[in-house]
Amino acid sequence: HGGRTTSPIIEGDKVVLNALILAWGDLGRPGNRYFAFDKRTGQTIWISSPQSRHYDTNYSTPIVADVNGMRQLIVGGTDGMFHGLALNTGTPVWRADVSKRAILNSALYRDGAAYITHGEENIGTTEMGMVAALDVTGTGALGKDAFKWTTHGFLPTFASPVMDAERLYTVDNGAIVAAF
């Protein structure tokens, strides 16, 4: 619908993308799906639909990380959650509920932690926006104890963060660059 997809990524023999699908055959339920295609033949390898609810289009490009020896996609969803999916199968590994709206930012990963950002309404607080480090070495629904640190009140809605060896940098809705 309207090209609501992210930039594809290539990982090994797969082209992976994230797209909003509506009224498309047996995937007719409106929602966001993750697709892996064979990059040589175009054949579908897997389709994953881990989101039980759908709010908005999201633009979180998947990243690939080696988490506990498993290659995972880490991606923000239309459901306000970040998801970890097994790269080879699309099977959900973990999820973290962080926002009442869709995630528009891509995550970063280093040493067992996903560095996540969003500029929407948070879960469990009235403050808008979040910058956080999330321990993604677990499985299933990750709770508050999985957050290594969290900062609320900064609104990086559209720009995805970058990191160097010491800091995470991101831009908020007012064009303010901040380092965490």
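Is E166 buried or exposed? Select it and look: at 63% relative accessibility, E166 counts as exposed, since the cut-off for that class is over 50%. Keep in mind as you go round that this is a predicted model.

**Stay at E166**

Now add R167 to the selection. E166 and R167 form a salt bridge, and their closest N and O atoms are 3.3 Å apart. R167 has a relative accessible area of 39%, so it falls in the partly exposed class. Side chains of opposite charge can pair when their charged atoms come close.

**Zoom out to the whole chain**

Switch to a cartoon view and colour by secondary structure. You'll get 16 strands and zero helices. Show the C-alpha trace and turn it along its principal axes: the spans are about 45 × 35 × 30 Å. The radius of gyration is 16 Å, which agrees with the value near 16 Å that a compact globule of 180 residues would have.

Next, colour by burial. Of the 180 residues in the chain, 48% are buried. If you draw contacts with a separation of 6 or more, 42% of them involve residues 24 or more positions apart. Then put a surface on: the accessible area of the chain is about 8,500 Å², and carbon and sulfur atoms supply 52% of that.

**Pick out the charges**

Colour the charged side chains by sign. There are 15 positive and 17 negative charges, and the mean positions of the two sets lie 4 Å apart. The whole structure holds five salt bridges, one of which is the E166 and R167 pair you began with.

**Select K100 and E121**

Here is another of these pairs: the side chains of K100 and E121 meet in a salt bridge, 3.2 Å from N to O. Trace the backbone from each end. K100 sits in the loop between β8 (92–97) and β9 (108–110), while E121 belongs to strand β10 (residues 113–121), so the bridge ties together parts 21 residues apart in sequence. What about exposure? K100 is partly exposed at 39% relative accessibility, and E121 is partly exposed too, with a relative accessible area of 33%.

**Last stop: R40 and D38**

Select R40 and D38, whose side chains meet in a salt bridge at 3.9 Å, N to O. Which of these counts as buried? That's D38, at 17% relative accessibility. R40, on the other hand, counts as exposed at 62%. Show the surface around this pair and you have a buried D38 bridged to an exposed R40.

Methods:
Residues are numbered from 1 along each chain as its sequence is written. This is a predicted model: local features need pLDDT of at least 70, side-chain atom pairs count only at pLDDT 80 or more; totals for chains, interfaces and linings use all residues. Side-chain values use heavy atoms; hydrogens and water are left out. Helices (H or I, at least four residues) and strands (E, at least two) are DSSP runs, numbered from the N terminus. The radius of gyration is taken over C-alpha atoms; the globule rule is 2.2 Å times the number of residues to the power 0.38. Buried means under 20% relative accessible area, exposed over 50%, partly exposed in between (1.4 Å probe, protein chains only). Contact means heavy atoms within 4.5 Å. Accessible areas come from the Shrake-Rupley method with a 1.4 Å probe; for residues, only the protein chains shown count as cover. Lys and Arg count as positive and Asp and Glu as negative; His and the chain ends are not counted. The place of a charge is taken as NZ of Lys, CZ of Arg, CG of Asp or CD of Glu. A salt bridge is a side-chain nitrogen of Lys or Arg within 4 Å of a carboxyl oxygen of Asp or Glu.
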